[in-house]
Structure formats: C-alpha cells, structure tokens
Amino acid sequence: MVGLSVGEKYFIQGGINQNLRSDGRKRDTYRPIFVETGVIPQANGSARVRIGTTEVIASVKAELGRPSALHPDKGKVAIFVDCSPVAEPTFEGRGGEDLSTELSVALQHCLLGGKSGAGAGIDPSSLVVAEGKVCWDLYIDGLIVSSDGNLLDALGAAIKAALSNTGIPRVHVTAAASGDEQPEVDISDEEFLQFDTSEVPVIVTLTKVGRHYIVDATSEEESQMSSAISFSINRKGHICGLTKRGGSGIDPSVISDMISVAQHISEQLITKLESEISAAEAGEDEL
Amino acid sequence: MEYVSPEGLRLDGRRPMEMRQLRAQIGAVAKADGSAVFEMGNTKVIAAVYGPREVQNRSQQIGDQALVRCEYSMANFSTGDRKRKPKGDRRSTEISLVIRQTMEACILTHLMPRSQIDIYVQVLQADGGTRSACINAATLALADAGIPMHDLVTSCSAGYLNSTPLLDLNYVEDSAGGPDITVGILPKLDKVTLLQMDAKLPVDIFENVMQLAIEGCKAIATYIGEVLLENTKQLEYRKGL
C-alpha cells in the first residue's frame, strides 16, 4: 500500500485542483503507452502493455471445446487476471486474490457483454466450428507485472492488443458425425484466422479525487480517490460496459458529464493504441 | 527416442555442451528495490526483490540476522497446455524453498538484523530449467537491490541422454526421464551451494555431468558479471560521473 504523509496528500490534491499533477500531466492526459506483441510464443496471441510504470501482459489461448447447451451457436470466452507478487509484495500467497477477482469480473463486464454474448467486442458466434458440437474456447489471461495504478485500462489495452495479435488455426470438419457423436476435426498448421479487433472497446477509468476527476491515476493518486468509474467504450463511442469502484456516491449529473468526457478521451486512446499496436505488429514482422 | 542425432546435434540444433541463448535485463519492475528478467532460450522468468525492510510479521523477526523469504509462481500461460493451478501447490512450495535456501546462503544476513528481504520470482515461460533461471534472475535482482552478498550464485542444469552428457536441458529433454542434475555454485569461492538430481547414474558419469553443469554455471557467472558491469556503467553515465 502507499504510505503518504499529510503534506504529500495535500500536494497531490492541490495539484489536481490546479490541473497540474505531480508528474506534470494535466487531469485528462495519459502517461506514455508502449505496446509489444507476441511476447509469449506458446500462446495464440499475446501482448505486453506499459502505461508509465504500470506493466501488464495478456495472453490468448484457444482450445477446442464443446459449446454449452444453452448457446449451441456460440463459442466461449473467459478472462482471468493474476496479480503477481513481483508487482506488489501484498499480492503474496492469497493476498492478490481479491484484486484478481475484482479485475477479472470488471473486464468481463467491460469486454464480454451480457450473458448471451450480445454486445461483446469479440463475436462469440465466430468461434463456432460445428454448431452444437465443436467450438473454440478462448482463454484470456492477464498478468500484472508492475503495478502503479490504472490497472484496468492497462489490462483492457493489453487484451485488445493480444487479440489483434491472435491467430486461430482454421479447422476442417473432416467427417460429419450424426447424432451425439463428436465430429472428427483437422486442425490446420498453416492457415490462421485473425480477429477483427476494431470493435473491441477500450477502457477509460475516471478517478474522482476531491471535486475533480482524472484519467490514468497513479497508485499515489488512487490512494486519494473517493470513487472511480471505468467506462468501456468502442470506436463508435458506444458504452459497452461500466463499473464503479470506491465507496462514496456520485451525483447523477456528474456521471453523465463524466460519460461525455470519457467518450472524448476514448477517441484519442483508441487512435493512440491502434497506432501503437500496428507499430508493434510491424516491428514483430521484421524480426 | 533419439535425443542426440548421429551428427551430434540435439533436438533444438544445439551441440551437447552448448547452452541456450542467455538474455538478461536489469530493472524490469519500477517499484521494486531490485528486479531482473532472465531468459535461457524459451524459459523466461522475472524476479523482484523488496527489502531489506521492516519485518511484516513480528513473530518471524530474527534478532541477529535478516529474514529471507521467497515465493515462486507460474503464470497461467507459461506452459504449453493452459492450466489454472492453485497457488502454493507442492512443486512451487518446493522450488520456493530451494531458491530461498540458495539465496540465503550467499546473502550477508548478519549485516541486516531484524529486517526482511522478499524475493519474488514469476515464470512467464517455462521450457525446462526454470529452477536455474529463477536462481539466476534472483541473483541479478538482489545485486540490483544492492544487497550485500558473498558472491553471485549462478545455477545451471545438465543431464545424461543417449550416453551423452547434455548441458542446459530444455522441456523435451527434461521430460525424457533421464537423470537431471541442477547445480548452483558460488563461482568466485568455487563452492557448490545447490545440488539436486533425480534418476540414477553411475558415479564416474555423475562426476562428468556435474562438472559439465559447473562449467555451465561459470559461463553464466561470466555473463551475469558482464550484464551487471554494463548496468553500472549506464548508471554512472546517467549520474554524469
């Protein structure tokens, strides 16, 4: 946890009031973002994202499975987050589990849409190989390597980058089975399907400190927050998910104000992120 | 299965006495007191050191020396098949213990009484030799944190397959079921601090294989020395000395 003296607390709060934060940023500026893709060769897709000194790794693994009986025409996507004690000693043993669960659930809300999969960034019906019989199960794993605030935005960006780096082998159903039998499948080694990740939303967290709200809070600033709202917003400016954290209440009018700010910021973030992702992919191809 | 071809090449194209490519980077975790990433081929681990600092749990405090703790964890995506393992299974507890004992042997704990040093290692990719890679990463992280040590411990593994001693086994060679020796040495003092072996091996061959692993450790020690020197030069340069 962050231990701050009274003076330091005043300094942080005063800076935010005057629109000049401790590291020289304005209230609505992000720290520099770096993206690197293909960091885990064993996964189908992976990315490392660094926002300032916060660093996360996301990996996507695809496994063939059976679609659930309720949604025979949809694949499954699951998100898990792991907090490594490397990032923070308090994550040792079972210490990181609460935060892991909180982040996994928030990411599921923000990226996967409702229970039916409607409104999700990844179209679950594109994961089906043979309806009711075979589908891809996507396992998205996040790992926090270095933690300095704003973990949710970093994880969201890393997952978006990892998905655009993901190649899923094309599957041919060789023998169509009748009834309950599982069909035989042939997994191609050469042909890969890419995801269209332009619909995957980004997450923008607005952290309320005092009377103002800021983006991309560091852990010192997060320790002074009264509440925070994470918006997941796609390219069209639609809100795909929303999570509020922190105890104190927020006036409804402030929330709608925050939404319009978040929409504005998300546009810049998406542009920035996509240029970083394509730069990372280009860099990887050269190697 | 043939692990060494008639031409004397291994599955990944190495010679029997060749090590995988080493890569190390110091200072990967900004908030830690010391940290390092260490790669041996496809095995990649990250280590962070926090401390020396006040003992968190008073009942564990030792009056005349520092308390050294270690936690080893594997990322869900580190292995070929995705597995979600609970934290603190037997294997990781054992490796934590091995790393802790090895590092404790080289840290000058008597200089930091009533304090605590935490070593956290996280495996990002596992392709055989995680134990050795973790120890090497932990050494670098401890050096980065400026913790006083007798010497830089380095570790390397060696095995014996198809009547050939092999240096630095990868996952396929490791799971072949042959003997696998992990050695940790203090290179300057020329002392062995860690020695583990599974399966059986005649004594004369064991000596050969262990000697090979020790040579591997010494090569790693030279590399780690270079990395630290380069890092110090960078620091010096930034300070404007």
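**Exercise 1.** Which residues does B:Gln122 touch, not counting residues up to four places away in sequence?

*Solution.* Keep in mind that this is a predicted model.
- Step 1: place the residue. B:Gln122 sits in strand 5 of chain B, which covers residues 115-125.
- Step 2: collect the neighbours in chain A. B:Gln122 touches A:Ser84, A:Pro85, A:Val86 and A:Leu143.
- Step 3: add those in chain B, namely B:Lys44, B:Val45, B:Ile46, B:Ser73, B:Met74 and B:Ala75.
- Step 4: look for a polar partner. The side chains of B:Gln122 and B:Ser73 make a polar contact of 3.1 Å.

**Exercise 2.** Decide whether B:Gln122 is buried or exposed.

*Solution.* Take the relative accessible area, which is 2% for B:Gln122. The cut-off for buried is under 20%, so B:Gln122 counts as buried.

**Exercise 3.** Describe how chain B meets chain A.

*Solution.*
- Step 1: count residues. Chain B brings 29 residues into contact with 32 of chain A.
- Step 2: get the area. About 2600 Å² is buried between the two chains, with carbon and sulfur atoms giving 52% of that.
- Step 3: go through the polar side of things. There's one salt bridge between the chains: B:Arg69 pairs with A:Glu92 at 2.6 Å, N to O. Eleven residue pairs are in polar contact, both residues at pLDDT 80 or more.
- Step 4: ask which elements take part. Strand 3 (43-54), strand 4 (67-74) and strand 5 of chain B each give two or more residues to the side touching chain A. The largest share, six residues, comes from strand 5.
- Step 5: sort by class. That side of chain B has twelve nonpolar, seven polar and ten charged residues.

Conventions
Residues numbered from 1 in each chain as written. Chains lettered and ligands numbered in written order. Predicted model: local features only at pLDDT ≥ 70, side-chain atom pairs only at ≥ 80, totals over all residues. Heavy atoms only, no water. Helix = DSSP H or I, 4+ residues; strand = E, 2+ residues; numbered from the N terminus. Buried < 20%, exposed > 50% of the residue type's maximum accessible area, 1.4 Å probe, protein only. Polar contact = N/O pair within 3.5 Å; in protein donor to acceptor, adjacent residues only side chain to side chain. Contact = heavy atoms within 4.5 Å. Buried area = accessible area lost by both parts, 1.4 Å probe. Salt bridge = Lys/Arg side-chain N within 4 Å of Asp/Glu carboxyl O. Nonpolar A, V, L, I, M, F, W, Y, C, P; charged D, E, K, R; others polar.
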